[in-house]
Amino acid sequence: MTPQQRDTKLPDRAVIVLIGAAGSGKSTLASTWHPSQVLSLDHYRALVSDSAGDQEATGDAVAALHHVLEARLRRGLTSVIDATNTGTAVRARILEAADRYGMPTVALLVTAPLSVCLERNAARPHDRHVPEHILRAQHAAVAAARPRLEGEGFGQVVFASDIDRLGPLLQRLSDNRLGEALRHDRAGRPDEALLCRFLGPELARLTVREGGAAPASGTQILTVRIGGHRLTLRLSTDGPSVPALDVLLPCFGDNAPDDECPGPVWAPVHDARDIAGCSRALVQDPDVVCARCRTQAVDPELADHPTPFRDALDHSVPTVRTSPEG
C-alpha cells in the first residue's frame, strides 16, 4: 500500500511529528494548529537565547521542548513538533515519550523540491539561514527516511500534500472572530479593532475606556495603565470621517514661573512608534499646540534632544504624559 492510499485522517489526539528540510513549509503547516499545540524548536531556541537561529542554544531548546511535551502528554493533549526531525535518534526520543503515555503518533512528511527549499532559505534573515550543505543533507535525509518511518514505530505516515489543513484553519479563525465579536459585544469594546489598526493587538488589549460605554460615534478617552503610570489616548470616530487617534502630551507653556500649564495637548498617533518616540512627526508638527495656552507642544531648543517632551514623572516614556496612580 502506497502512502497515498493510507488513511490521511489525523487522530483527534496525537503527537504529530513534522519531518522536512529547512524551507519545506513546516512552520506554515504548523500554524494551522492552535498555537498552544505547536512545539517549535525555533521558538524554544528564542526562549532560551533570545534568538531563534542560535544553534548553540539547540541543546537547551530541545530539553525545554521535551519538558513541555511530557507535560502535554500527561494531559493527553495533541502536540505538533515543528522541527526538521530528520534524524532517527531525534524521532526515537519523541516516539518513546508518546509510547509511555499511550499517545498515537503521526509522521507528517513536509516535502518540497530542493530548489524551492534553497530559494526560501536564501531569503531568510542571516540568523535563520541554514548553511547550504546542511540543508542538502536534511533534504536527502527526509527522502531516505520515508520507507523507514512505519518501522520506527509511527502509527501513521502521511504526506502534507494529502491532508486538508486549510479547512481547519479557516474554521478556527472563523470561530476566533465570532468569539471576539461576542467578547466585544459583552464588554462594549467594538473600538478594539480600530485600536488594533493603530497600535497593534498587544497594546489595544490593554486600553480601558474612561466614562463607561462608548458612543456610537464621537470621541472616546482611553487609558493604558501599567504599574504606577498611565498613558492617555483619544479615539475619534465622528461620522463618516477617517478614525483618528491622538496621544496626550505635556505642555511647554507656563502661566506663571512656577505654574506649569496643564494642557491638554493632543498629538496624532499613526502607530505605536509615535508613542514610543521613534517618529520625528510629533516633534516637527507645528499643528500640535496646547488647547489651553496655544503654546506649541515642542520646545524648539529641545527638538534634537533624545527626550524632546518634558516629563518629570517617567523618563522611560519620554514622549507621552504619564501620571502616578493614586
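Helices are here DSSP runs of H or I with at least four residues, and strands are runs of E with at least two, numbered from the N terminus. In this predicted model, the secondary structure of the protein comes to 12 helices and 12 strands by that reckoning. Of its 326 residues, 41% count as buried, while the protein exposes about 17,700 Å², of which carbon and sulfur atoms supply 54%. Among contacts with a separation of 6 or more, 61% are made by residues 24 or more positions apart.

The interior is a good place to begin. In soluble globular proteins, nonpolar side chains tend to be buried together. The largest nonpolar core in this model has 25 residues, and Val15, Ile81 and Leu149 are those with the most contacts inside it. Strands β1 (15-19), β4 (105-109) and β5 (156-159), together with helices α2 (41-49), α3 (58-74), α4 (88-100) and α6 (132-145), each supply at least two residues of this core. Once neighbours within four places in sequence are left aside, Ile81 is in contact with Val15, Ile16, Val17 and Leu18, and also with Leu39, Leu65, Leu69 and Ile94. Apart from this core lies another, of 21 residues, which includes Leu231, Leu233, Val265 and Val269.

Some polar residues are buried as well. Gln156 lies in strand β5 and, because its relative accessibility is 13%, below the 20% limit, it counts as buried; its side chain reaches the backbone oxygen of Lys9 at 3.2 Å. Thr32, found in the loop between α1 (26-30) and β2 (38-40), is buried too, with a relative accessible area of 9%. The side chains of Thr32 and Arg165 are joined by a polar contact of 2.9 Å, and, not counting residues up to four places away in sequence, Thr32 touches Arg165, Leu169 and Arg172.

Asp246 belongs to strand β9 (residues 244-249) and counts as buried at 10% relative accessibility. Leaving aside neighbours within four places in sequence, Asp246 is in contact with Thr232, Leu233 and Arg234, as well as with Trp266, Ala267, Pro268 and Val269; of these, Leu233 and Val269 are also among the residues of the 21-residue core. The C-alpha atoms of Asp246 and His270, which stand 24 residues apart along the chain, are separated by 8.5 Å.

Charged side chains add another set of links, and the count comes to 7 salt bridges. Which residue does Asp42 meet in a salt bridge about one helical turn away in helix α2? The partner is Arg45, with a distance of 2.6 Å from N to O, and the two are separated by about one helical turn because they are 3 residues apart in helix α2. Arg45 is buried, with a relative accessible area of 8%. Asp42 also meets Arg128 in a salt bridge of 2.6 Å, N to O, and this pair links distant parts of the chain, since Arg128 sits in the loop between α5 (114-122) and α6, 86 residues apart from Asp42. Arg128 counts as partly exposed at 27% relative accessibility.

Glu152 and Arg91 form a further salt bridge, their closest N and O atoms being 2.7 Å apart. Here too distant parts of the chain are linked, with Glu152 in helix α7 (residues 149-152) and Arg91 in helix α4, 61 residues apart. Glu152 is partly exposed, with a relative accessible area of 23%, whereas Arg91 is buried at 0%. Asp42, Arg45 and Arg128 are joined into one network by salt bridges that share partners.

How values were computed: Residues numbered from 1 in each chain as written. Predicted model: local features only at pLDDT ≥ 70, side-chain atom pairs only at ≥ 80, totals over all residues. Heavy atoms only, no water. Buried < 20%, exposed > 50% of the residue type's maximum accessible area, 1.4 Å probe, protein only. Contact = heavy atoms within 4.5 Å. Areas by Shrake-Rupley, 256 points an atom, 1.4 Å probe, with all protein chains shown as cover. Core = buried A, V, L, I, M, F, W, Y, C linked by side-chain atoms within 4.5 Å. Polar contact = N/O pair within 3.5 Å; in protein donor to acceptor, adjacent residues only side chain to side chain. Salt bridge = Lys/Arg side-chain N within 4 Å of Asp/Glu carboxyl O.
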